[in-house]
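Thanks for making the time this morning. Please take a moment with the sequence and the model on the screen before I begin.

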Amino acid sequence: MATSVALAGLDALWHAPIGIAFVDTELRYVRVNKALVEMTGLPCDNHLGSRVDEVLPADAEFTKAIIRRIDHVLATGNPLENIEVEWESVGHSREPRFSRTSYYPVRSGSSILGVCMYVEDLRAQRRSEQQRTELLERERHARADAEAAAQRLFMLAEASHVFTGASADLHSLVNAVVRMVATILDGGCTLAMLSEDGEEVVPAGAYHPDSEVRKELEALVERAGHPVGEGLTGMVARTGQSLLLPRVSPEELLVSLPAAHRAYAERFTPRTLMAVPLRLSGRIIGTLQVCREDAERPFDPTDLVFLEELADRAGQAIQNARLLAREKEARAEAETERARLHALVTQAPAAIAIMRGPDFVFEFTNPLYEKFSGRTGLVGKPFREALPELVRQPGVVDVLCRVLQTGEPFVGHEYPVALDRRGDGTLEEAFLNLVYQPLHDAQGHVDGLLTHAVDVTELVQARRRAEALEQQARRQAEFEQQLIGIVSHDLRNPVSAILMSAQMLLKQEGLGERAFKGASRILSSAERATRLIGDLLDFTQARLGGGIRIQRRATNLHELTRQVLEESQAAWPERDIQVSQSGDGEGEWDPDRLAQVVTNLVTNALRYSTPGTPVQVSTRAEEDTVQLEVHNLGKPICEELLPHLFEAMKRGSHDGASSGRSVGLGLYIVQQIVCAHGGTVSVQSSEAEGTTFTVQLPRRA
């Protein structure tokens with residue numbers, strides 16, 4: 001995290017006026033800014049990932065010295081500041097460089113991540129020093145030159161003072177510069193700046209002691225700029241070389257000026273002029289030009305040096321103005337961002353608070369936090385005083401202390417708390433999705449907590465109610481199914497006794513007609529009760545046992561169906577049961593269970609069909625499956641009942657005469673048996689076509 005922050009800071013200083021580089025512990029460049037790239041003369045990509053001795057000449061003394069200083073900072077953790085050195089750029093020009101370099105360790109806690117180097121280009125300073133030395137030499141040879149130099153230095157100091165006073169605003173600074181230079185050198189002065197892309201020279205300010213000429217110069221500033229390389233100022237901006245023309249003819253001047261400046265030159269013809277580049281940390285940012293119309297007072301090299309000195313100070317003042325402007329912009333952006341963040345936190349759909357120090361004093365609370373806690377005016381109060389009921393709850397203060405001591409965040413899901421929201425001692429239970437995030441001071445120490453809490457009390461209570469209802473429904477369903485199983489199981493013995501007794505009565509000789517009919521009714525009722533008990537047992541097994549169990553063996557569906565239909569025909573002698581069969585009916589199924597399927601479907605068709613109409617049963621074999629269809633005519637099944645027909649306790653008719661003889665388990669059991677075989681069962685029913693049940697069975701599992 002610290003490395004990312006450091007690198008982000010370096011990225012923000014890409015356009016800084018001094019060279020900046022960050023090297024890791026292996027002496028590899030991790031970040032370099034534009035100014036350093038321009039100093040070394042190599043592209044940014046040639047630096048990143050390369051060692052210092054791979055970018056700079058490995059055998060050069062200044063390279064070895066840089067490596068020694070970096071190693072010293074890495075080893076000791078102490079910075080090295082303001083070390084001046086002479087070196088060569090490694091680009092094509094191999095030009096000599098003079099710089100002042102400082103080395104600072106970059107830390108993350110107690111670990112050193114690398115070294116940040118600040119490189120200030122001293123070429124202009126060295127050049128100024130050299131020029132100042134030359135002036136001093138001349139002073140020693142001629143008192144007149146010394147007095148002139150002293151006067152110029154005084155003027156430079158005065159100019160620096162004026163520039164500094166006006167540097168808070170770039171426009172005011174430019175006007176102060178041109179006025180000061182024009183006054184000192186007694187001529188017209190113009191200052192131009194390079195455009196953002198560096199392709200155009202744009203006039204920024206002008207001044208002339210003569211008011212009439214001044215108006216023309218100011219009008220010239222309002223016009224568009226001209227390309228770099230065009231005209232005298234364009235050439236200075238392109239080459240970076242100062243220009244001195246002690247005497248110039250009108251013809252020469254008109255040829256050398258941009259088209260936009262020729263009208264001025266024709267009216268007010270300069271006869272001597274100077275132009276010097278404006279530099280910012282070695283980078284050309286514009287030009288400063290001075291001219292006179294008096295050919296009897298030509299500019300000389302001393303004037304040129306003086307103008308360069310003024311340009312250096314003007315460049316420094318411009319740098320300060322830009323830095324101040326950027327600082328103001330950054331401060332305004334920070335204030336805007338702070339206001340935006342405050343609004344966001346204030347309106348956030350979560351309870352947010354900031355607590356500081358070992359007593360957890362509230363520094364900030366948003367409205368939702370105050371609403372949730374039932375209190376206002378928490379800011380400035382320690383946690384124990386503001387929320388005493390939470391202090392008494394086990395573990396709450398321990399969690400806060402642990403986050404403050406370890407710096408590890410705490411996340412609580414549905415964290416339970418009890419709050420005295422009404423202030424009368426009545427505690428209300430609440431549940432929070434809670435995060436305690438540690439906050440760090442400037443030294444990286446944990447000095448507070450950020451609380452982010454979302455009230456999920458209603459969700460927790462709703463889930464608890466749903467779970468309770470679900471558990472209650474599950475217990476009720478299990479009880480019902482167990483009751484059905486117990487009842488059906490316990491009924492088997494008495495019904496079996498009734499069935500055997502009825503069969504024995506019917507076998508007795510000499511039984512009267514009335515007794516015979518009574519015994520037959522008893523036998524029929526007992527058989528129906530037996531089937532009902534079997535259905536109930538199957539139902540219980542399907543619900544509680546995970547489905548009806550089957551025992552597969554080789555079975556012929558055609559033969560099984562014919563046997564069942566013979567029994568059904570004997571039970572319903574008055575009805576016409578038709579059968580059709582095709583294909584190979586062999587497969588691996590449970591014959592008893594399939595007989596139960598055929599019986600239930602055929603009995604269902606006989607029971608709910610119109611008397612006198614046939615019931616058609618067909619079995620057809622395909623390559624991998626066999627199909628059973630049972631069709632009957634009669635009143636169709638209600639459309640709204642069709643999706644629920646195979647559910648337990650559902651019947652296909654509301655006819656009391658027929659439905660009273662069934663509890664609605666037959667079709668449910670049919671579906672369970674078919675599903676146990678891996679098959680499907682479906683139904684189609686209409687007034688015109690009648691009702692057809694279709695069973696598809698795979699031949700094998």
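I will go through one sheet, then the helices beside it, and end on a single residue.

Please keep in mind throughout that this is a predicted model. The sheet I would like to start with is an open one, built from five strands in the order β18-β20-β21-β23-β22, and its pairing is mixed. At its edges stand β18, residues 577-582, and β22, residues 680-686, and because each of these has a single partner strand, one side of each is left without a neighbour in the sheet. Going from one strand to the next, the twist averages 10°.

Within that order, let me turn to β20, residues 615-621, and β21, residues 625-632, which run antiparallel and are joined by seven bridges. As one example of how residues line up here, Gln-616 has His-631 of β21 standing opposite.

Now to the helices. Helix α20, which covers residues 557-571, lies across β18, β20 and β21, and its direction is at about 175° to that of β18. Helix α21, residues 591-608, also packs on the sheet, where it touches β18, β20, β21 and β23, the last of these being residues 690-698, and the direction of α21 makes about 20° with that of β21.

Finally, a residue in helix α21, namely Asp-592. Is Asp-592 buried or exposed? Its relative accessible area is 56%, and since exposed means over 50%, Asp-592 counts as exposed. Although Asp-592 and Leu-560 are 32 residues apart in sequence, their C-alpha atoms are 9.1 Å apart in space.

Technical notes. Residues are numbered from 1 along each chain as its sequence is written. This is a predicted model: local features need pLDDT of at least 70, side-chain atom pairs count only at pLDDT 80 or more; totals for chains, interfaces and linings use all residues. Side-chain values use heavy atoms; hydrogens and water are left out. Two strands pair if DSSP finds at least two bridges between them. Helices (H or I, at least four residues) and strands (E, at least two) are DSSP runs, numbered from the N terminus. Axes are lines fitted to C-alpha atoms, for helices over the stretch in contact, and angles run from 0 to 180 degrees between N-to-C directions. Contact means heavy atoms within 4.5 Å. Buried means under 20% relative accessible area, exposed over 50%, partly exposed in between (1.4 Å probe, protein chains only).
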